[in-house]
Amino acid sequence: MAKKHNYSAGPCILPQEVFQQASEAVLNFNGLDLSLLEISHRSKDFVEVMEEARALVRELMELPENYDVLFLQGGASLGFLTAAYNYLPKNGKAAYIETGTWSTKAIKEAKHVGEVEVLASSKEENHTYIPTGYEVPGDAAYLHITSNNTIFGTQYHSFPKADNLICDMSSDIFSRKVNVEDFSMIYAGAQKNMGPAGTVVYIFDKERLGKTGNSIPAYLDLEVHLKKDSMFNTPPVFAVYVSMLTLRWLKGIGGVGAIEKINNAKAEMMYNAIDENPLFTGHARKDSRSAMNATFRLTDDSLAGEFDKMWKDAGINGLKGHRSVGGYRASMYNALPIESVKVLTEVMDEFARVKA
Ligand SMILES: *Cc1c(COP(=O)(O)O)cnc(C)c1O
């Protein structure tokens, strides 16, 4: 079957074998002569899916005993609010680092719950870098960061130290090893690196819940979901199932450490192609570059038509940059094979030869 080299920023490429298994389960799940989509979420067959998905997160991220995992709905966008409700006391204050569109939205949502102090922002330079050198105030209930800035192509290479660190990891979760104990809560929309759109994973230290005194609407209360083992209401069964398949695939190829090596090799190949080519220039500062989303542009925009035709002819999809950055964005999530990066970098090299 012909398959494009898919650089889509999200929803994004997933392993081909996962698409195959998912489509089979839609027709006949577990040999039940029923579709995955028409059975009760309380049936033994689906409860096992939810349990395996949660257990795979635990295993792949090496969670300590006091951490737990939920698969909920609302995307990372509802996660912005969920984070604030569960960790920001009404009369308290939360600290945020503003590194792009998603962190700006997280800040806006947290203001529904309490006071927000933005400790540092890269906004003045169109988010080309990850700020450092700020101090977290002692009275901040937590520090919130966005580990990978999907739109601007920047990524934390080391994490700030904070007593209570909350992280939107939507676009680089499972792409590299992290020490979960550095975080009190991690959340991530599935559709960037873990599965299809429709679910968001929450990973958190259970002992830190229930301490704000807030009256939390049930759906936003992580304790409510935890008591019900991620089955407080009907879970997004298809999204959880396909995420579970993708995590199984990741475990099968050697886990997070193994994919990190491949991701680093892909990123190195991509950034070399940008740096060595006189026709292209990168958006993000070198010390802040993302291994997931490489943002770059032509030094001469009038060549865009020709370049676009060339990569499209090579079977490449989804390379256009976000409107707030322009140019191009190569999203190299876990399931993107290194062969696809070879194809793109060869197109870029060939373009330079043609134009020389
Ligand atoms: C895509 C994205 C979001 C928004 O995710 P939704 O699931 O669409 O709400 C939030 N944060 C980051 C870093 C993202 O890449």
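Here is a walk through this predicted model, from one of its helices to its two sheets and its ligand.

Let us begin with helix H6, which covers residues 237–252. Its 16 residues reach 22 Å from the first C-alpha to the last, close to the 22 Å expected at 1.5 Å a residue. Is this helix enclosed or open to the outside? Buried here means under 20% relative accessible area. By that cut-off 12 of the 16 residues of H6 are buried, so the helix is largely enclosed by the rest of the structure. Among the buried residues are Val237, Tyr241, Met244, Leu247 and Trp249. Ser243 and Thr246 also belong to the buried set. As a reminder, an α-helix has 3.6 residues a turn, so residues three or four places apart point the same way.

What do the buried residues of H6 pack against? Their partners are three helices and one strand: helix H1 (16–27), helix H2 (44–60), helix H7 (255–275) and strand S2 (67–72). Just after H6 you will find Gly254, which takes a positive phi of about 115°.

The packing against H1 can be followed through a single residue, Ala25, whose place is in that helix. Ala25 has 3% relative accessibility, and therefore counts as buried. Leaving aside neighbours within four places in sequence, Ala25 is in contact with Leu34, Ser35, Leu36 and Tyr241. Tyr241 is one of the buried residues of H6. Along the sequence Ala25 and Tyr241 are 216 residues apart, yet their C-alpha atoms are 9.1 Å apart in space.

Strand S2, another packing partner of H6, takes us to an open sheet of seven strands. Reading across this sheet gives the order S2-S10-S9-S8-S5-S3-S4, and the pairing is mixed. S2 and strand S4 (115–121) stand at the edges with a single partner strand each, so one side of each is left without a neighbour in the sheet. From one strand to the next, the twist averages 20°. Inside this sheet, strand S9 (residues 185–189) and strand S10 (residues 200–205) pair in the antiparallel sense over five bridges. If you would like a landmark there, look for Met185, which stands opposite Phe204 in S10.

Now for the ligand, which is surrounded by 13 residues. Ser77, Thr150, Asp168, Gln191 and Lys192 are the closest. Two of these can be described atom by atom. A polar side-chain atom of Asp168 lies 2.6 Å from a nitrogen atom of the ligand, and an N or O atom in the side chain of Lys192 is 2.6 Å from a ligand oxygen atom. The backbone takes part in the surroundings too: a polar backbone atom of Ala76 is 3.1 Å from an oxygen atom of the ligand.

Our last stop is an open sheet of three strands, in the order S11-S12-S14, with antiparallel pairing. Strand S11 (280–282) and strand S14 (328–331) stand at its edges, each with a single partner strand, so one side of each has no neighbour in the sheet. Direction ignored, neighbouring strands of this sheet are turned by 35° against each other on average. Strand S12 (residues 293–298) pairs with S14 over four bridges, and Thr295 stands opposite Arg329 in S14.

Which helices lie across this sheet? H7 lies across S11, S12 and S14, running at about 15° to S12. Helix H8 (residues 304–313) lies across these strands as well, at about 20° to S14. H7 also brings us back to the start, as one of the elements that the buried residues of H6 pack against.

Key
Residues are numbered from 1 along each chain as its sequence is written. This is a predicted model: local features need pLDDT of at least 70, side-chain atom pairs count only at pLDDT 80 or more; totals for chains, interfaces and linings use all residues. Side-chain values use heavy atoms; hydrogens and water are left out. Helices (H or I, at least four residues) and strands (E, at least two) are DSSP runs, numbered from the N terminus. The expected span of a helix is 1.5 Å times one less than its number of residues. Buried means under 20% relative accessible area, exposed over 50%, partly exposed in between (1.4 Å probe, protein chains only). Contact means heavy atoms within 4.5 Å. Two strands pair if DSSP finds at least two bridges between them. Axes are lines fitted to C-alpha atoms, for helices over the stretch in contact, and angles run from 0 to 180 degrees between N-to-C directions. A residue is near a molecule or strand if one of its heavy atoms lies within 4 Å of it. A polar contact is a pair of N or O atoms within 3.5 Å; within protein, one must be able to donate a hydrogen and the other to accept it, and residues adjacent in sequence count only if both atoms are side-chain atoms.
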